[in-house]
Amino acid sequence: MEHNVVIAGFGGQGVMLIGELLARAGMEEGKEVTWLPSYGPEQRGGTANCAVVVADEPIASPLLTEPQAAIVFNRQSFDKFEPVIEKGGLLVIDSTLIDRKASRADLDVVYIPATDIATELGNSKFTNMVLLGAYLGKVNPISIASVHGALSVFLTGKKAALIEVNKKALQAGVDFVNKK
Amino acid sequence: MSDKVLMKGAEALAEGAIQAGCRYYFGYPITPQNETPEYMSRRLPEVGGRFVQAESEVASINMVYGAACAGVRVMTSSSSPGISLMQEGISYISGSNVPCVVMNAMRGGPGLGNIAPAQADYFQAVKGGGNGDYKRIVLAPSSIQEGVDLFVDAFELADKYRMVVMVIVDGLIGQMMEPVEFKTRIDVSTLKTPEWATVGRHGRDHANIITSLTLDAAGLEQWNLKLQAKYAQVEQAESRIEEYQMDDADYAIIAYGTMARIAKTTVRVARDKGIKLGLLRPITVWPFPAKQMQAYVGKLKGTLTVELAYRQLFEDVQLTLCDKMPLGWYGRGGGVVPGPQEILAAFEEQFGKGR
């Protein structure tokens, strides 16, 4: 079984971070994982993306030309990745920031006002966790508990105080998808 | 699982080199491998090593030359244009019969090109680059774990044969993260200073002199014959290949490094469609695993060589399999990386539906 996803948005939105969380959590579960960033001549404020694969078998290509899913944080990323998601795949969209609807009828699309939800939780910086939660509410490459475990690797020292609110943001994403 | 860590390729390879006993690194920054020298600058002082950021690639490789003459485990790394600048030094090191490791994170060319993954330095790595009749061992890992494991072999082979060993990767392997385990740690205190090293007389009646200069033609020919005998020995003993899904294969893709990894997915997709496709992946591109490939003559209906370059690897495949079977080729250049489906489409175009 292989799960793969492209996560894309502006640099600074925590796009790479949730990809790394996913990969690290997968590794802790004993799964095969790869994390591949876009690494062109990136610029501040420009778009960034990463491709994450979580699988039971050794992973052949870390490069995703037709990802099973995409989590998009901004309009540019939406426009770029909607056409390439595999048939019947999953698209998770931050509907606070993206006003356009998907044009493909075959996709499972989650419109989640992630930035609004994060702001209600105290800070729009948690948007990435809300979106990750929405993705994990739809597919289960790894358990939520493993993401919790991985959080403690990233948030240490003073930042450890942020673990609980990040968990809440993650759960808010899961709940949003499940109540539908 | 606890022994595995999630690391970026360029850093994991640097740690792999340190675990392999490398204590000296000289380099000059260039994307997409800057994380390697950055990591070395932090880690080497912790293990009693030395890191120097040189003023240029030419200086780097000559610092490597100097340290190699002292008989220590030393390396440099760079990316395509930087490696081009090092060719003179690589030739001198080869002509002087001293060991070192050079890593090339290949990027799109020619010239400055770009920083995307490429394999267009194959000829430079495998066939030459510098002047004179010399060879290097060239290792081409296709995953971070394999790269880490091969770094141990790289230093061992370099010391064993007193040769330059090149490790060729690309930005994709350098920038991605994968779980990696450091299985082998060389205890540097067990590494003996070779008796040829230029580290002082230590009571000997003569000083060691290392040079690549031999003015006498007959003498230089003898020196060349010695090198050639060594290269023949390496060709005999050190070629390696991975044979993936080859037991019942009708066709094989031939690819190395990143391209081979992507081609593995092509093999899986093709097999789902009923095409008996396998993969022959050279792990050493010099020595080229020719014998291992020739063993498939009479068994295969054809091969498709796939590379991020224009008919470079393909030339070695042609030399190896010449007219023994239909030889197809597909490649992309300039840093464009084809996906598994694109490779399959190329296969089907050249070999029909493969049945």
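**Exercise 1. Backbone outliers in chain B**

Is B:His202 buried or exposed, judged by its C-beta neighbours inside 10 Å? Place B:His202 in the fold, and treat B:Asn97 in the same manner.

*Solution.* The model is a predicted one.

Step 1. A residue is classed as exposed if 12 or fewer other C-beta atoms lie within 10 Å of its own. B:His202 has 9 C-beta neighbours inside 10 Å and therefore counts as exposed.

Step 2. B:His202 belongs to the loop that runs between E8 and H9 of chain B. Its phi is near 45 degrees, a positive value in a residue other than glycine.

Step 3. B:Asn97 also has a positive phi, near 65 degrees. B:Asn97 sits in the loop between helix H5 (87–96) and E5 of chain B. With 19 C-beta neighbours inside 10 Å, B:Asn97 counts as partly exposed.

Step 4. For context, most residues other than glycine have a negative phi, and most peptide bonds are trans.

**Exercise 2. Cis peptide bonds**

Which residue does a cis peptide bond join to B:Trp286, and where does that partner lie? Carry out the corresponding analysis for the bond that starts at B:Thr31.

*Solution.*

Step 1. The cis bond joins B:Trp286 to B:Pro287, with omega about 0 degrees. B:Pro287 is located in the loop between strand E12 (284–286) and helix H11 (290–294) of chain B.

Step 2. From B:Thr31 the peptide bond leads to B:Pro32 and is cis, with omega near 5 degrees. B:Pro32 is part of the loop between E2 and H2 of chain B.

Step 3. Helix H2 (residues 35–43) of chain B contains the buried residues B:Glu35, B:Thr36, B:Pro37, B:Tyr39 and B:Met40. Among the elements that cover them are strand E1 (5–8), strand E3 (50–53) and strand E5 (100–106) of chain B.

**Exercise 3. The surroundings of B:Ala12**

How many other C-beta atoms lie within 10 Å of B:Ala12, and which residues does B:Ala12 touch beyond four places in sequence?

*Solution.*

Step 1. B:Ala12 is found in helix H1 (residues 9–19) of chain B.

Step 2. The count for B:Ala12 is 29 other C-beta atoms within 10 Å, so B:Ala12 is buried.

Step 3. Leaving out residues up to four places away, B:Ala12 touches B:Met7, B:Ile144, B:Val148 and B:Val180.

Step 4. B:Val180 is 168 residues from B:Ala12 along the chain, and their C-alpha atoms are separated by 7.6 Å.

**Exercise 4. Domains and the nonpolar core**

Into which domains is chain B divided, and why does the largest nonpolar core lie between them?

*Solution.*

Step 1. The division gives domain 1 (5–191 + 226–237) and domain 2 (242–351). Their centres, taken over C-alpha atoms, are 26 Å apart.

Step 2. The contact between them takes 27 residues from domain 1 and 22 residues from domain 2 of chain B. On the side of domain 1 that touches domain 2, there are 17 nonpolar, five polar and five charged residues.

Step 3. The largest nonpolar core has 166 residues, and those touching the most other members are A:Val130, B:Cys100, B:Val101, B:Ala154, B:Val165 and B:Val167. Helix H7 (residues 144–161) of chain B provides the largest share, nine residues. Both domains of chain B give residues to this core, so it lies between them.

Step 4. Beyond four places in sequence, the contacts of B:Val167 include B:Val101, B:Leu139, B:Phe151 and B:Ala154.

**Exercise 5. Chain A and its contact with chain B**

What radius of gyration does chain A have, and how many residues does each chain bring to the contact?

*Solution.*

Step 1. Chain A has six helices and six strands, in the order β-α-β-β-β-α-β-β-α-α-α-α along the sequence.

Step 2. For 180 residues, a compact globule would have a radius of gyration near 16 Å; the 15 Å of chain A agrees with this. Buried residues make up 48% of chain A.

Step 3. Chain B brings 20 residues to the contact and chain A 16 residues. On the side of chain B, H10(B) gives the largest share, five residues. By class, that side has 10 nonpolar, five polar and five charged residues.

Step 4. As to confidence, the predictor assigns the complex an ipTM of 0.92 and a pTM of 0.94. The mean pLDDT of chain B is 96, and 99% of its residues reach 70 or more.

Notes:
Residues numbered from 1 in each chain as written. Chains lettered and ligands numbered in written order. Predicted model: local features only at pLDDT ≥ 70, side-chain atom pairs only at ≥ 80, totals over all residues. Contact = placed C-beta atoms within 7 Å. Helix = DSSP H or I, 4+ residues; strand = E, 2+ residues; numbered from the N terminus. Nonpolar A, V, L, I, M, F, W, Y, C, P; charged D, E, K, R; others polar. Core = buried A, V, L, I, M, F, W, Y, C linked by C-beta atoms within 7 Å. Buried ≥ 20, exposed ≤ 12 C-beta atoms within 10 Å, placed from the backbone. Domains from an automatic or database assignment. Rg over C-alpha atoms; globule rule 2.2 N^0.38 Å. pLDDT = per-residue confidence, 0-100.
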